[in-house]
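Here is a friendly walk through one protein model, meant to be read with the structure open beside you. Shall we take a look?

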Amino acid sequence: MNKVQGFYYVESNNEVFECKLRGILKKTNNKYNCVVGDRVEISEDNSIVEIFKRENMLIRPIVANVDYLAIQFAAKHPNIDFERINLLLLTAFYYKVKPIVIVNKIDYLTEEELIELKEKLSFLEKISVPMFLISCHQNIGLEKVENFLKDKTTVIGGPSGVGKSSFINFLQSEKILKTGEISERLQRGKHTTRDSNMIKMKVGGYIIDTPGFSSIEVPNIENKEELISLFPEFSNIDSCKFLNCSHVHEPGCNVKKDVEENKISKDRYDFYKKTLEILSERWNRYD
Ligand code: GDP
Ligand code: ZN
């Protein structure tokens, strides 16, 4: 289900139906009652009569039933913002959506710069996050990502100018979006609203284009233990000397030891400490 300017678009057997919300669903008057990505049942008069149970839901941006969060950056113009990658990874883990990282515009790089970039991104492998280096202009690596995303629903996020539209153009199925009145409205909607937009891919599956990641903040993590659980590299180390170790200033901390021995990325660890500070301030305010 896709939602554009108050219209609901439901795809079924390769056709798109413009639908209304059945009164009873509307009545709950809740912005979460029917969201982009929902699987729904529609009646003969094109009313959405039921919303099926969601597998997951992101709140900012609001989308449901997502398999992957694709974090897209450019190798250059603009440069990669590693802190932002970490924030988006944290967000993905928080919502229990698998993250992947896509770096576009690798055509700008010399061979040495490419090696350097791979080295800088090697921390992703340690936390089992798939990474793809692509160039939309030179058609490098595009099909590999496409195959990976096949039949899945992927939310794509990243700053503007990194080539998201170019990449989505490559992925999208022409069939549904280019013909007919509905698609015209869909196209128009895409440019005039800040809604998320669900796009069918030519290999099957969907890509959700969303502007909602530009203003992203640290999610509402409730306590230190929850934050630690969102750093996969902290989870399989031997336990620290103190049971409730925050991995910051305690002696006998195995996380700090792993950072010193380069087993855990220093940037990731610094990001952890910074996030803990931000959250601690929040927690203190509400105590
Ligand atoms: P968006 O803002 O993330 O949707 O980015 P666009 O798709 O609009 O692309 C921003 C600019 O980057 C445009 O001028 C594109 O032509 C350019 N661009 C996109 N992909 C590539 C690429 O692979 N290599 C290079 N050199 N430029 C690219
Ligand atoms: Zn520790």
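Taken over C-alpha atoms, the centres of domain 1 and domain 3 are separated by 43 Å. The model is a predicted one, and the domain assignment of its protein chain gives domain 1 (2-52), domain 2 (63-209) and domain 3 (224-286).

**Nonpolar cores**

The largest nonpolar core has 50 residues, and within this core L69 and I102 have the most contacts. Domain 1 (2-52) and domain 2 (63-209) each supply at least three residues to this core. If you centre your view on L69, you can pick out its contacts beyond four places in sequence: L88, A92, V97, P99, V155 and G157. There is also a second, separate core, made of six residues, with F231, V255, I264 and Y269 among them.

**Around the ligand**

Next, please turn to ligand 1. Its surroundings comprise 14 residues, of which C136, G163, K164, S165 and S166 come nearest. Which helix gives the largest share of the shell around ligand 1? That is helix α6 (residues 164-171), with three residues. Sorted by class, the shell around ligand 1 holds eight polar residues, three nonpolar residues and three charged residues.

**The annotated cysteines and histidine**

The UniProt record, an unreviewed entry, carries the feature "binding site" at C240, C245, H247 and C253. Two of these positions are worth a careful look. C245 sits in the loop between α10 (232-235) and α11 (254-260), and C253 is likewise found in the loop between α10 and α11.

Is C245 buried or exposed? C245 counts as buried because it has 20 C-beta neighbours inside 10 Å, and 20 is the number at which a residue becomes buried. C253 has 18 such neighbours inside 10 Å and therefore counts as partly exposed.

Their contacts link the annotated positions to one another. Setting aside neighbours within four places in sequence, C245 is in contact with C240, E250 and C253. On the same basis, C253 is in contact with C240, C245 and H247.

**Two isoleucines**

I42 lies in strand β4 (residues 40-42). I42 is partly exposed, because 18 other C-beta atoms lie within 10 Å. Beyond four places in sequence, its contacts are V10, F17, C19, S47, I48 and V49.

I216, for its part, is found in the loop between β13 (206-209) and α9 (224-229). I216 has 15 other C-beta atoms within 10 Å, so it is partly exposed. Leaving aside neighbours within four places in sequence, I216 is in contact with R60, L87, L88 and T91. One of these, L88, also touches L69, a residue with which we began in the largest nonpolar core.

For each isoleucine, the table gives a separation along the chain and in space, the latter from C-alpha to C-alpha.

| Pair | Along the chain | In space (C-alpha to C-alpha) |
|---|---|---|
| I42 and K164 | 122 residues | 32 Å |
| I216 and E125 | 91 residues | 24 Å |

The first row brings us back to ligand 1, since K164 is among the residues that come nearest to it.

Note on methods
Residues numbered from 1 in each chain as written. Chains lettered and ligands numbered in written order. Predicted model: local features only at pLDDT ≥ 70, side-chain atom pairs only at ≥ 80, totals over all residues. Near = placed C-beta within 6 Å. Helix = DSSP H or I, 4+ residues; strand = E, 2+ residues; numbered from the N terminus. Nonpolar A, V, L, I, M, F, W, Y, C, P; charged D, E, K, R; others polar. Core = buried A, V, L, I, M, F, W, Y, C linked by C-beta atoms within 7 Å. Buried ≥ 20, exposed ≤ 12 C-beta atoms within 10 Å, placed from the backbone. Domains from an automatic or database assignment. Contact = placed C-beta atoms within 7 Å. UniProt positions renumbered as here; feature names shortened; annotations may be inferred.
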